[in-house]
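Biologist: Please take a close look at one part of this protein, the salt bridges, and set them in their surroundings. I would like a single connected account.

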Amino acid sequence: AGCGQRSQQVSALMMQMETLESNMAEECKRAFTELQTELQDVVNVHDKNYPYRDFRSFAMKFLFPTAEDDHPILKPVQFPTSIDPSEARKKLEMFEDLILDKKVLLIIIHTLEDQHGRFTLQDRCNVASLLIVVLQKNLFYATDILQSLLTSHIHASANKGNPRLLLRRTETIAEKLLSNWLCFLLYPYVHEHAGEPLF
């Protein structure tokens, strides 16, 4: 009696699974049809006027996805009244000179990366985003910095014995800087050529 009851339960479960599978397939077909219809509507509405973002808003959405339109990087530099603006500008220029010194910048980045407990993933993303913003006028230098960071990252990953995990996650400044760098360099190509087939 127990074996017959068990086989009935298995048969009932199999029927339920087949019914669920059939319902799921129907739901997927319906959703796919709706998606195709909506996509067709979008293509017809835009009719060759593809909805691209301008570079500034594209970069802001990519580099600082949670930021609003009032992100400090979009505002002109304002100094407190207690600081002489000419002196502050001079110090900012000195800081820029430090950033443009490859050895100093690499030391700063490696020092930040070594702050495991205090330097969060969000901090790494912010530093990489701010770096690409500062270095966007000199992408050759940014490429050189990126190449150095990736070289040391690859060596560190190989020494740890897990090279397969390399570049799978954006956990380091080098990895985030790479995605930012690609974003900046590929934007014109996507905008002018590759984006059209996506629509």
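Modeller: R124 and E113 are both buried. That is a suitable place to begin, with the note that this is a predicted model. By the cut-off used here, each of the two therefore has under 20% relative accessible area. Their side chains meet in a salt bridge, with 2.2 Å from N to O. R124 belongs to helix α5, residues 121-135, and E113 to helix α4, so named because helices are numbered from the N terminus. The two residues are eleven apart, and the pair links distant parts of the chain.

The structure holds two salt bridges. The other pair is D144 with K102, where the closest N and O atoms are 3.1 Å apart. This pair also links distant parts of the chain: D144 sits in helix α6 (residues 139-160) and K102 in helix α4 (residues 102-113), 42 residues apart. Helix α4 thus has a residue in the bridge to α6 and a residue in the bridge to α5. As for accessibility, D144 is partly exposed at 29%, and K102 is partly exposed with a relative accessible area of 29% as well. Both values count as partly exposed because they lie between the cut-offs of 20% and 50%. As a general point, side chains of opposite charge can pair when their charged atoms come close.

Next, the stretch before α4. L100 lies in the loop between α3 and α4. Its relative accessibility is 40%, so L100 counts as partly exposed. From L100 to Y141 the separation is 41 residues in sequence, and 8.1 Å in space from C-alpha to C-alpha.

Helices α4 and α5 also take part in the largest pocket: together with α3 (85-99), they are the elements that give two or more residues to its lining. The volume of this pocket is about 830 Å³. It is lined by 25 residues, and those closest to its centre are L92, F95, E96, I99 and V134. Sorted by class, the lining has 18 nonpolar residues, two polar ones and five charged ones.

Two further contact types complete the side-chain picture. K176 lies over the face of F62, 5.1 Å from the ring centre. Aromatic pairs number zero in this structure.

As for the whole protein, the secondary structure comes to seven helices and zero strands, so the order of elements from the N terminus reads α-α-α-α-α-α-α. Of the 199 residues in the protein, 21% are buried, and R124 and E113 are among the buried ones.

How values were computed. Residues are numbered from 1 along each chain as its sequence is written. This is a predicted model: local features need pLDDT of at least 70, side-chain atom pairs count only at pLDDT 80 or more; totals for chains, interfaces and linings use all residues. Side-chain values use heavy atoms; hydrogens and water are left out. A salt bridge is a side-chain nitrogen of Lys or Arg within 4 Å of a carboxyl oxygen of Asp or Glu. Helices (H or I, at least four residues) and strands (E, at least two) are DSSP runs, numbered from the N terminus. Buried means under 20% relative accessible area, exposed over 50%, partly exposed in between (1.4 Å probe, protein chains only). Rings of Phe, Tyr and Trp (its six-membered ring) pair if their centres lie within 6.5 Å; planes under 30 degrees apart count as stacked, over 60 as edge-to-face and the rest as tilted. A charge sits over a ring if NZ of Lys or CZ of Arg is within 6 Å of the ring centre and within 35 degrees of the ring normal. On a 1 Å grid over the protein atoms alone, a cavity is a set of points where a 1.4 Å probe fits but cannot get out, and a pocket is an open set with protein on both sides within 12 Å along at least five of seven lines; lining residues have an atom within 4 Å of a point. Grid points are joined across faces, edges and corners, and a volume is the space filled by probe spheres set on the points. Ala, Val, Leu, Ile, Met, Phe, Trp, Tyr, Cys and Pro count as nonpolar, Asp, Glu, Lys and Arg as charged, and the others, Gly among them, as polar.
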